[in-house]
Amino acid sequence: MNMPQTQLTVITQVTDNRQGFAHCYFRPHNCGRPGEEAGGLSDGSALGRRWVGARGLRTSPLGQPPPQDDPSPPPARRTPHPGASAETAFQLAGPPGAVPRVGKLNSATNLARSPRGGAPALILPSGARWEGGGSLPAPRGSTNGSACSWAPRYAPRVLKTRRAQAGPFSALAKVARSTPRARSARLTASARMDSETATQAPTQRYFTWDEVAQRSGHAAERWLVIDRKVYNISEFCRRHPGGSRVISHYAGQDATDPFVAFHIDKGLVRKYMNSLLIGELSPEQPSFEPTKNKELIDEFRELRATVERMGLMKANHVFFLLYLLHILLLDVAAWLTLWVFGTSLVPFLLCAVLLSTVQAQAGWLQHDFGHLSVFSTSTWNHLLHHFVIGHLKGAPASWWNHMHFQHHAKPNCFGKDPDINMHPLFFALGKILSVELGKKKKKYMPYNHQHKYFFLIGPPALVPLYFQWYIFYFVIQRKKWVDLAWMITFYARLFLTYGPFLGLKGVLGLFFLVRFLESHWFVWVTQMNHIPMRIDHDRNMDWVSIQLHATCNVHKSAFNDWFSGHLNFQIEHHLFPTMPRHNYHKVAPLVQSLCAKHGIEYQSKPLLAAFADIIYSLKESGQLWLDAYLHQ
């Protein structure tokens, strides 16, 4: 008989343990087409050959021709399909416990080639794609628009059926040999072999918040929750692109809001998360831990949805292009200063000031690329991030990611925010931690004088004496060779452009003077938003509360925006870390309204007052330490 070509992958369980071969009962939906009649597969011995008949599959002993078509088909049950639309489906039957087999059918040869053990063939509907049990809609061109569900001899065990080529309704069968030892049948095919083997879906597991909390960052096993789903990150945390620490900081906690805040392509990330999924919260469990404000979380998520609808998460590429150009022009102006005016003291100092400005502004720009806030894809953000921080600044992108994402995940949380790691070795930070340190009678420095020695070991020393050597240790120890290559281009360019004017010693002197000036700029701007705020251990607060308690703003002005790289809008930046900086002032009124509604303080102050608050807070915490040290 002339049959159209059709291809199918089937995973099923159809073993008859009593007779040693598989049963396959099927019946196509007639749908009003002449010649589309029912057929079936009859019981036979273990040694038999199955043939394709006009009405289906038949069985006959080996060595005998195929039997004549039996006009009486096996009984079948017809049931309507709720979403019928031009498709037909079949069910294969098998007893519980049968082992699934994988294979393909190819009607080009009118045979279904099978591995050893024998298997039934299947009449194939055209255009069908079947995932799981049940029935599919009626075939194309159906006059009644309904579908059939076939009643097999056993309970349905079909796990997956997929048809690969469309065509008219056709029948296929395979002649397969079986022996008394062949107790499990295989439904197979020629053409391409499917690589996956079906397994039954695991039973859904449910957990409580207490069970999740026990798998925190202090435990060997680490879980976290995103949208009520529980993920095991024990092994994945070491492969996490953002670093192992930042994701581990949320182990044992709900991480829904930070997940949304940090990732720009959440759909892609969720695909990789499927392998980590181990269950979900029990239905009676709340969506958040008791330490979090449910109403605040819900309203913030509504605010974020509003912000996205307003287009405030989309960057203006012209803004960032002009920003990059102004940095490059300042870099050229610094070199022209020495080329035009010579290497005397005044041109030398002017060149150093211009280069310091370049370094500071490049630091703010790399911050934008590092947060993925410029381009809609991570690839371009990462590439420009490497260029700006590596080639223009001489620092590794991986080091910045490792440090800065932790700061954003848990700002001002001792042990989780690396920006406050100077406590307690150099400073006693925050009222709570300072009192704890005093009660423990610990004194690494004369903290009651820390507001004075801050001017000696803070702004002057952080970049030239610490960051400068640590970044090389970081890339070599972690084998970040790409970052090291970008860094080398910075130092090569520096010596090639300024070496002819200044010589080796002059270039080194210029370099460390630039780092000294840059360090002051960097420390005052970055610490004015955090040091005066609450510093504590991680209390597992909600996303909005933890960010508002740890950050404050500086008033908007053209100079403040430029001088701080728009980090004067620290609150908005922490709530929406991937938002382009030029949109911070647009979302600020919405955030202020949210804070006022829930009684959260929204702090904004002048620039010089913010600088002064650093000193005042250090003095206050130092005094609190001294009182606890002496009297508690």
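Helices here are DSSP runs of H or I with at least four residues, numbered from the N terminus. The views below show a predicted model.

**View 1. Positive phi at Asn540, in the loop between α13 and α14 (543–550).** Asn540 is not a glycine, yet its phi is positive, at about 55°. Its relative accessibility is 14%, and because buried means under 20%, Asn540 counts as buried.

**View 2. Positive phi at Lys441, in the loop between α10 and α11 (450–457).** The phi of Lys441 is near 60°, a positive value in a residue other than glycine. Lys441 has a relative accessible area of 39%, so it is partly exposed. Most residues other than glycine have a negative phi.

**View 3. The cis peptide bond between His423 and Pro424.** Omega of this bond is about 0°. Pro424 belongs to the loop that runs between α9 (397–409) and α10 (431–439).

**View 4. The bend in helix α13 (residues 481–527) at Gly499.** The helix turns by about 115° at Gly499, with the proline Pro500 following within four residues. Although α13 has 47 residues, its end C-alpha atoms are only 31 Å apart. A straight helix would reach 69 Å at 1.5 Å a residue.

**View 5. Packing of helix α6 (residues 317–341) against helix α7 (residues 345–370).** The axes of α6 and α7 are 9 Å apart and make an angle of about 165°. Angles over 145 degrees count as roughly antiparallel, so α6 is roughly antiparallel to α7. The crossing of the two helices is left-handed. Residues of the contact comprise 19 nonpolar, 4 polar and 2 charged.

Technical notes: Residues numbered from 1 in each chain as written. Predicted model: local features only at pLDDT ≥ 70, side-chain atom pairs only at ≥ 80, totals over all residues. Heavy atoms only, no water. Expected span 1.5 Å × (residues − 1). Bend = angle between axes of the 7 residues up to and from the residue. Axes fitted to C-alpha atoms, helices over the stretch in contact; angles between N-to-C directions. Parallel < 35°, antiparallel > 145°, perpendicular 65-115°, else oblique. Left-handed = near helix turned anticlockwise from the far one by under 90°. Nonpolar A, V, L, I, M, F, W, Y, C, P; charged D, E, K, R; others polar. Buried < 20%, exposed > 50% of the residue type's maximum accessible area, 1.4 Å probe, protein only.
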